[in-house]
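Student: I'm new to this one and I'd like a close look at a single part of it. Please start with how its strands pair up, and then carry on from there.

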Amino acid sequence: MIEFENVSKHYPDGTVAVKDFSLQIPAHRTTVFVGSSGCGKTTLLRMVNRMVDPSHGVLRIDGEDITNKPAVELRRSIGYVMQNSGLMPHFTVAENIATVPRLQGMSKAASRKRALELMETVGLIPGQADRYPHQLSGGQQQRVGVARALASDPNILLMDEPFGAVDPIVRAELQEELLRLQRELDKAIVFVTHDIDEAFLLGDQVVILAAGAQKLQVGSPSEIIEHPANDFVASFIGAQRGSRALSLKQTEHGTVLIDAQGRTQGKLVEDGTVQ
Ligand SMILES: Nc1ncnc2c1ncn2[C@@H]1O[C@H](COP(=O)(O)OP(=O)(O)OP(=O)(O)O)[C@@H](O)[C@H]1O
């Protein structure tokens, strides 16, 4: 479990990126931080592996205050995937994935074997192992980024807008892959996005944030859709308009559900019986 307790971050230029933020992030679940640009999502994420240190407050992992944990060791024990994969351009795919195991002392042969296993896990073919990042598509590069983050078998995986730069079709594929992976891997995933649909698709726990990482609502997607905390959240999640606003229409063959654009989205059934 990751725990933020009254955490704040003031950058040296006076920007208050995070103001008195508290949250518990459970193990084995996906928690998504969602909110508009600049609200402090990345800052929160980077505090978990001490790429950013809080100005005030305490951050604990499994009950242990991480303030004094060696940052390098902590970073190697936590997977981190960023938007533009962050791969090293002069390393091959296999070498990129094997970076952390090599730093942890694994032999070249064993770390290559591990890299090939991980490539399979994330849906890459072995023939791509000796390519360089620029010889892969954006979606494939992100898969390498995920494999690299998983290389030390971390309990925690931090993902900062990992699918933000790929086209919508590839993005949907990568989202489905992540859902599949999470069923197999069972990590604590902390995922940052500004896309509420992505947040609801991937998140077990969704945290809707406003400027200064102010929590507007924390809950499961169902809880938030069924009980938005206020009008701002309702509007942000598109409950009043957009794809989540469904209405009923009676037809001679029963009741159907109509979206905001007037398209029929499905048929209303109750207890398996068509109405
Ligand atoms: N190193 C820094 N120095 C000063 N201000 C910073 C620094 N990093 C971030 N900020 C500011 O802190 C605030 C929060 O930034 P952060 O990157 O955490 O937000 P975000 O929600 O992840 O935004 P985005 O979705 O655009 O990536 C912003 O106002 C940003 O300009």
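Tutor: Let's begin with the term you'll need: two strands count as paired if DSSP finds at least two bridges between them. Keep in mind that what you're looking at is a predicted model.

Now find strand 9, residues 205–210, and strand 10, residues 214–219; they pair in the antiparallel sense, over 5 bridges. At one of those places, alanine 210 has glutamine 214 of strand 10 as its bridge partner. The two strands make a hairpin, with 3 residues between them. Look in that turn for glycine 212, whose phi is positive, about 75°.

Positive phi turns up elsewhere too. Histidine 28 has a positive phi of about 60°, even though it isn't a glycine. You'll find histidine 28 in the loop between strand 2 (16–25) and strand 3 (30–35). It has 13 other C-beta atoms within 10 Å, so histidine 28 is partly exposed. Aspartate 153 is another non-glycine with a positive phi, this one of about 50°. Aspartate 153 also counts as partly exposed, with 13 C-beta neighbours inside 10 Å, and its place is the loop between helix 6 and strand 7.

That loop takes us to helix 6, so to speak, which covers residues 138–150. Its 13 residues reach 19 Å from the first C-alpha to the last, close to the 18 Å expected at 1.5 Å a residue. Of those 13 residues, 11 are buried, so helix 6 is largely enclosed by the rest of the structure. Among the buried ones are Val144, Val146 and Leu150, and also Arg143 and Arg148. What do the buried residues of helix 6 pack against? They pack against strand 6 (78–81) and strand 7 (156–160), as well as helix 3 (93–97), helix 4 (99–103), helix 5 (108–121) and helix 7 (168–185).

Two of those partners lead to another spot: alanine 98 sits in the loop between helix 3 and helix 4. Buried here takes 20 or more other C-beta atoms within 10 Å; alanine 98 has 26 such neighbours, so it counts as buried. Leaving aside residues within four places in sequence, alanine 98 is in contact with Ser111, Arg112, Arg114, Ala115 and Ala151. Take Ser111: alanine 98 and serine 111 are 13 residues apart in sequence, and their C-alpha atoms are 5.5 Å apart in space.

Back to strands for a moment. An open sheet has 4 strands in the order 2-1-4-5, with antiparallel pairing. Its edges are strand 2 and strand 5 (64–65), each of which pairs on one side only. Inside that order, strand 1 (residues 2–10) and strand 4 (residues 56–61) share 5 bridges; at one of them, isoleucine 2 is matched with isoleucine 61 of strand 4.

Last stop, the ligand. There are 13 residues around it, and the nearest are Tyr11, Ala17, Ser37, Thr42 and Thr43. By type, the shell has 8 polar, 3 nonpolar and 2 charged residues. Helix 1 (residues 41–48) gives the largest share of it, 3 residues.

For a label on the whole stretch, an unreviewed UniProt entry lists residues 2–237 as "domain: ABC transporter". That span is 37% helix and 25% strand, and its end C-alpha atoms lie 26 Å apart.

Key
Residues numbered from 1 in each chain as written. Predicted model: local features only at pLDDT ≥ 70, side-chain atom pairs only at ≥ 80, totals over all residues. Near = placed C-beta within 6 Å. Nonpolar A, V, L, I, M, F, W, Y, C, P; charged D, E, K, R; others polar. UniProt positions renumbered as here; feature names shortened; annotations may be inferred. Expected span 1.5 Å × (residues − 1). Buried ≥ 20, exposed ≤ 12 C-beta atoms within 10 Å, placed from the backbone. Contact = placed C-beta atoms within 7 Å.
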